Amino acid sequence: MAQLPPVDIFDYIVFGATGDLTMRKLLPALYYRYRDGQIPDQARIIGTARSPLSRADFQARAEKALQNFVKPADLDPDLARRFLALVHYVSLNGAEAGSNWPGLKDLLAEAPADRIRVYYLATAPDLYGRICENLSTQGLVTDQSRVVLEKPIGTDLASADEINDGVGRFFPENHIFRIDHYLGKETVQAVIALRFANPVFERLWSSDAIDYIQITAAETVGVEGRGPYYDKSGAMRDMIQNHLLQVLCLVAMDPPGSLEADSLRNEKLKVLRALRPITPEDVAVSTVRARYGAGEMGGKPVPGYLDDLGENAVSNTETFVAIRAQVDTWRWGNVPFYLRSGKRMAQKSSEIVIQFKTTPWSIFPEKPAANRLVIRIQPDEGVMLTVSTKDPTPTDSVALRQADINIAFEKAFATRYPDAYERLLLDVVRGDPVLFIRRDEVEAAWRWADPILQGWAENKSPLETYPAGSWGPDAARALLAERGHRWHEDMV
Ligand SMILES: NC(=O)C1=CN([C@@H]2O[C@H](COP(=O)(O)OP(=O)(O)OC[C@H]3O[C@@H](n4cnc5c(N)ncnc54)[C@H](OP(=O)(O)O)[C@@H]3O)[C@@H](O)[C@H]2O)C=CC1
Ligand SMILES: O=C1O[C@H](COP(=O)(O)O)[C@@H](O)[C@H](O)[C@H]1O
């Protein structure tokens, strides 16, 4: 494998270091980058949370996280030991001015003052403003400091503004890295390469040739231990407002002038601003929301959402969303963009499906089927183009058959596909914002999502149920069928 260039020495200070995200994603991602020689031995990973842990306690938790979330074949004990030596811990309530800030200050002061500092906020977003204020009051925001904000930024436009204002008082916009881990996925970035490095696609990339587009992020997991967070969020705030809209932006945007961050973000912003509003009155027509009931996953019975939340739970939260969105631009005319995300669905599958139009006329006995381009974000990352070709069976006329041109990336490039966080965590150290979200993008996304959430809150469309292990409620199928369209799994 090509030698990857190491980044500069840094201190990564994680607020919320005992939480699920740090254990499941951040520490394993940093381990992989360390393993590949990109993290210098002088770098430090400083966990902070309120839990009163010693450094050794936290290192033991970090070790367990590596054991649980790094592939056993990739976990080298000697390397893991050296990686864990980079790990520190400070018990601290980030939201309280009188907490153990001296503990963090003293530790940071052991390194040169111009060392890169990344403050990664992996706590509930309503703490972001107060944590930044405390960092500033304590004199910990240096010229080389950046702050990373986890999603979701707020629960609507007003709360997002409050959070962005709270952080923006202490960090300039170009030092604020709003993370959306879908942008760190190799196959999401591959959309940019596919579109803008291959005229064969880009020349057809409009309503002239495209009938409709689907973007799906289906998960098999339920809410797991995250019920208290998830029930306040739901699929719209957890997945659609951020991850799926970002993917939609990359699919729908015009060519940026360059790969420079603002060039790309300006084009994404135009898409977000061109999204046709779905008013509370429209939600019954253009959206479907649902939650999973009891069902079966992998042949085993699983409980429904309410049982997953706990005894006597009451909830109006959706675990599944399907939306017919429109991008009101010259390029897209009336092409529907179907967005769908859900938990406890039949398969883990994130993909983009570009369904082309059929031929205007057929010289064959049967009308050729439309071409279809599938970009598989995960798992089985790759690209598949379905074309019509001649059926080789000898007959007295020309019969057609569909066949796939299929590129499986892992096989084609013989390389491991890194987790999205691996790329993004080091982009922050490099100070490269291209795969992060600018404030105006967050605002535009909420501006579109808010009226939908309002319509649902006013019960203007019913909360459907779907059995765990299925592809969602029948209403989601009907949303496409109205226009003669089908979800990918229903295409033969
Ligand atoms: N988990 C995931 O898969 C994903 C999570 N996110 C986002 O990441 C963030 C964290 O999520 P997750 O790890 O799941 O959440 P958890 O609830 O698992 O962890 C929250 C963390 O915050 C700490 N914490 C809470 N209050 C304070 C405080 N006042 N000062 C310092 N630390 C505090 C907790 O530790 P302690 O109680 O010891 O203080 C804990 O370490 C959220 O914004 C979430 O939306 C985004 C994408 C995916
Ligand atoms: O941000 C989130 O993403 C995960 C899904 O991420 P993926 O990379 O596995 O597709 C989702 O489970 C979680 O609820 C959400 O907060």
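The UniProt annotation "active site", from an unreviewed entry, covers His243. The model discussed here is predicted. His243 sits in helix α9, which runs over residues 227-252. Is His243 buried or exposed? It counts as buried, because 23 C-beta neighbours lie inside 10 Å and the cut-off for burial is 20 or more. Leaving aside residues up to four places away in sequence, His243 touches Asp180, Tyr182 and Ala217.

Ala217 also belongs to the surroundings of ligand 2. Which other residues are found around ligand 2? They are Glu219, Asp238 and Ser350.

Ligand 1 has 21 residues around it. The closest are Gly16, Gly19, Leu21, Arg50 and Ser51.

The two shells break down by class as follows.

| Shell | Nonpolar | Polar | Charged |
|---|---|---|---|
| Ligand 1 | 9 residues | 7 residues | 5 residues |
| Ligand 2 | 1 residue | 1 residue | 2 residues |

Now the chain as a whole. It holds 16 helices and 17 strands. Its radius of gyration is 24 Å, close to the 23 Å that the globule rule gives for 492 residues, so the chain is as compact as a globular protein of that length. The C-alpha trace spans about 85 × 55 × 45 Å along its principal axes. Of the 492 residues, 41% count as buried, and His243 is one of the buried residues.

What share of the contacts between residues at least 6 apart in sequence joins residues at least 24 apart? In this chain the share is 77%.

Terms used:
Residues numbered from 1 in each chain as written. Chains lettered and ligands numbered in written order. Predicted model: local features only at pLDDT ≥ 70, side-chain atom pairs only at ≥ 80, totals over all residues. Near = placed C-beta within 6 Å. Nonpolar A, V, L, I, M, F, W, Y, C, P; charged D, E, K, R; others polar. Helix = DSSP H or I, 4+ residues; strand = E, 2+ residues; numbered from the N terminus. Rg over C-alpha atoms; globule rule 2.2 N^0.38 Å. Buried ≥ 20, exposed ≤ 12 C-beta atoms within 10 Å, placed from the backbone. Contact = placed C-beta atoms within 7 Å. UniProt positions renumbered as here; feature names shortened; annotations may be inferred.
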